[in-house]
Amino acid sequence: MLAAAGQTYQPSKAEQRAAALLTTLALATSPARAQLGGGGAAAALEGVQETVVGIVQVIFAIVLIVGLIRVVMKFVQGAPDALGSLGWLVGGVILWFGFQLFKDDLVSAVGGGDGGVR
């Protein structure tokens, strides 16, 4: 539940279903990908890294969706801080795209690829 301008925000049934679907997809596909490895500790670590990256992506998506809804609500209500909220939303989108561009580098830097710490 979000508190915006003294009011509480109740997500609609469609928003709740979308969040549940994204969470279910993230949790359902991560163990399946972990089983595809060759076995042993390396495959287990690769599965953990992929799970963490998947969880971070789902969290980013949920936060951006909620942020978009809040920004639209502020513009519709004519709130004076609507442009500021839009700026924060744009910053979040840039951060998400940056994470998408650099996630492979981040995984390899922690030992999940050919390079990184061993």
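**Entry 1: the nonpolar patch.** I began at the surface, where Phe75, Leu83, Leu86, Val90 and Ile94 make a nonpolar patch of about 480 Å². I note that the model is a predicted one. I then looked up which helix gives the patch its largest share, and found that H3 supplies four residues. Ile94, one of the patch residues, is found in helix H3. I recorded Ile94 as exposed because its relative accessibility is 59%, and exposed requires over 50%.

**Entry 2: Ser85.** I next turned to Ser85, which has its place in helix H3, residues 82-109. Is Ser85 buried or exposed? I entered Ser85 as buried, because its relative accessibility is 16% and the limit for buried is under 20%. Leaving out residues up to four places away in sequence, I found that Ser85 touches Val71 and Lys74. With Lys74 there is also a polar contact from side chain to side chain, at 3.0 Å.

**Entry 3: aromatic pairs.** I looked up how many aromatic pairs the structure holds, and the count is two. For Phe60 and Phe99, I noted ring centres 5.7 Å apart and planes at 45°, so this pair is tilted. The pair links distant parts of the chain, with Phe60 in helix H2 (residues 40-77) and Phe99 in helix H3, 39 residues apart. Both Phe60 and Phe99 are buried. I then recorded the pair of Trp96 and Phe97 as edge-to-face, with 5.1 Å from centre to centre and 70° between the planes. Trp96 counts as partly exposed at 25% relative accessibility, and Phe97 counts as partly exposed at 48%.

How values were computed
Residues are numbered from 1 along each chain as its sequence is written. This is a predicted model: local features need pLDDT of at least 70, side-chain atom pairs count only at pLDDT 80 or more; totals for chains, interfaces and linings use all residues. Side-chain values use heavy atoms; hydrogens and water are left out. Helices (H or I, at least four residues) and strands (E, at least two) are DSSP runs, numbered from the N terminus. Buried means under 20% relative accessible area, exposed over 50%, partly exposed in between (1.4 Å probe, protein chains only). A polar contact is a pair of N or O atoms within 3.5 Å; within protein, one must be able to donate a hydrogen and the other to accept it, and residues adjacent in sequence count only if both atoms are side-chain atoms. Contact means heavy atoms within 4.5 Å. Patches are made of residues with over 30% relative accessible area and no salt bridge: like charges are joined within 9 Å, nonpolar side chains (Val, Leu, Ile, Met, Phe, Trp, Tyr) within 5 Å. Accessible areas come from the Shrake-Rupley method with a 1.4 Å probe; for residues, only the protein chains shown count as cover. A salt bridge is a side-chain nitrogen of Lys or Arg within 4 Å of a carboxyl oxygen of Asp or Glu. Rings of Phe, Tyr and Trp (its six-membered ring) pair if their centres lie within 6.5 Å; planes under 30 degrees apart count as stacked, over 60 as edge-to-face and the rest as tilted.
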